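Ready for a bit of practice? Have a look at the model below and keep it at hand while you work.

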Amino acid sequence: MTTLGEARSRLRLWLEDPMPDGLWSDEELDEGLRQSLSTYGMLTPLEATATLTAADGDAALGLPAGARNIVRVTGPGGYVLPRRDLPERAGAGEELAWERWGDQLLFSRPLAAGNYAVRYHGPRLLPADDAGDVPIPDADLSLLVAGAALWAIEARSRQEWKRGPLPPRYEGRRLAAREDYHDLLAAFHRRVRSRRLESAQ
């Protein structure tokens, strides 16, 4: 995977903005990468697994921070717990099942002690330091960088606009960056659709 430092360097290259006299600070470029990664994460969330430890008799377990869609819950013996679809019709003999409520998993019956594996979709977050990996496949790095470049150019354009009409070079570069990003985004959607078709066959 690509590190944050490598992604930022790629972004500077894309923007033709070398250091030490770059137009954008590292902090500004990191914010562009963060915004682009957030958009990417909405299109394809991070697939993650967490282990939740229950004490005997627990009826609720806290979810990992940022967990979105819960895909599967597996009990200590390796059995998959079903989703509790109709809790309002629960009866005394209801099987052990789960439902999500806020940031917790609620269970239809008290749990046996042990570890419960939860598969879920979560956010893609920029690492805290330059050596950390950006959570995105290398094949999609160009899409991430193009989105960050568009954000950086538009942010700079807004700053310049406050001082007066934008020079034509700003508008031309902004439109070119937007076209680059939308072209890569369209290619990404085509690739995702192709993968879904292949997996369905």
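Here are three short exercises on this predicted model, each with a worked solution.

**Exercise 1.** Work out how helix 1 and helix 3 are oriented to each other, and which residues make their contact.

*Solution.*
- Start with the numbers: helix 1 (residues 4-15) packs on helix 3 (residues 141-161) at about 60 degrees, and their axes are 9 Å apart.
- Roughly parallel would need an angle under 35 degrees, and roughly perpendicular one of 65 to 115. The two helices are therefore oblique to each other.
- Next comes the hand: helix 1 and helix 3 make a right-handed crossing.
- On the helix 1 side, the contact is formed by Ala 7, Arg 10, Leu 11, Trp 14 and Leu 15. Helix 3 brings in residues including Leu 141, Ser 142, Val 145 and Ile 153.
- Sort the contact residues by type and you get 11 nonpolar, 1 polar and 1 charged.

**Exercise 2.** Find what is unusual about the backbone at Glu 16, and decide whether Glu 16 is buried or exposed.

*Solution.*
- First place the residue: Glu 16 sits in the loop between helix 1 and helix 2.
- Now check phi, which is near 55 degrees for Glu 16, a positive value in a residue other than glycine.
- Last, compare accessibility with the cut-off: exposed means over 50%. Glu 16 has 71% relative accessibility, so Glu 16 counts as exposed.

**Exercise 3.** Compare the length of helix 2 with the expected one, and list its buried residues.

*Solution.*
- Helix 2 (residues 26-43) has 18 residues and spans 26 Å from first C-alpha to last, close to the 26 Å expected at 1.5 Å a residue.
- Its buried residues are Leu 29, Asp 30, Gly 32, Leu 33, Ser 36, Leu 37, Tyr 40 and Gly 41.

Notes. Residues numbered from 1 in each chain as written. Predicted model: local features only at pLDDT ≥ 70, side-chain atom pairs only at ≥ 80, totals over all residues. Heavy atoms only, no water. Axes fitted to C-alpha atoms, helices over the stretch in contact; angles between N-to-C directions. Helix = DSSP H or I, 4+ residues; strand = E, 2+ residues; numbered from the N terminus. Parallel < 35°, antiparallel > 145°, perpendicular 65-115°, else oblique. Left-handed = near helix turned anticlockwise from the far one by under 90°. Contact = heavy atoms within 4.5 Å. Nonpolar A, V, L, I, M, F, W, Y, C, P; charged D, E, K, R; others polar. Expected span 1.5 Å × (residues − 1). Buried < 20%, exposed > 50% of the residue type's maximum accessible area, 1.4 Å probe, protein only.
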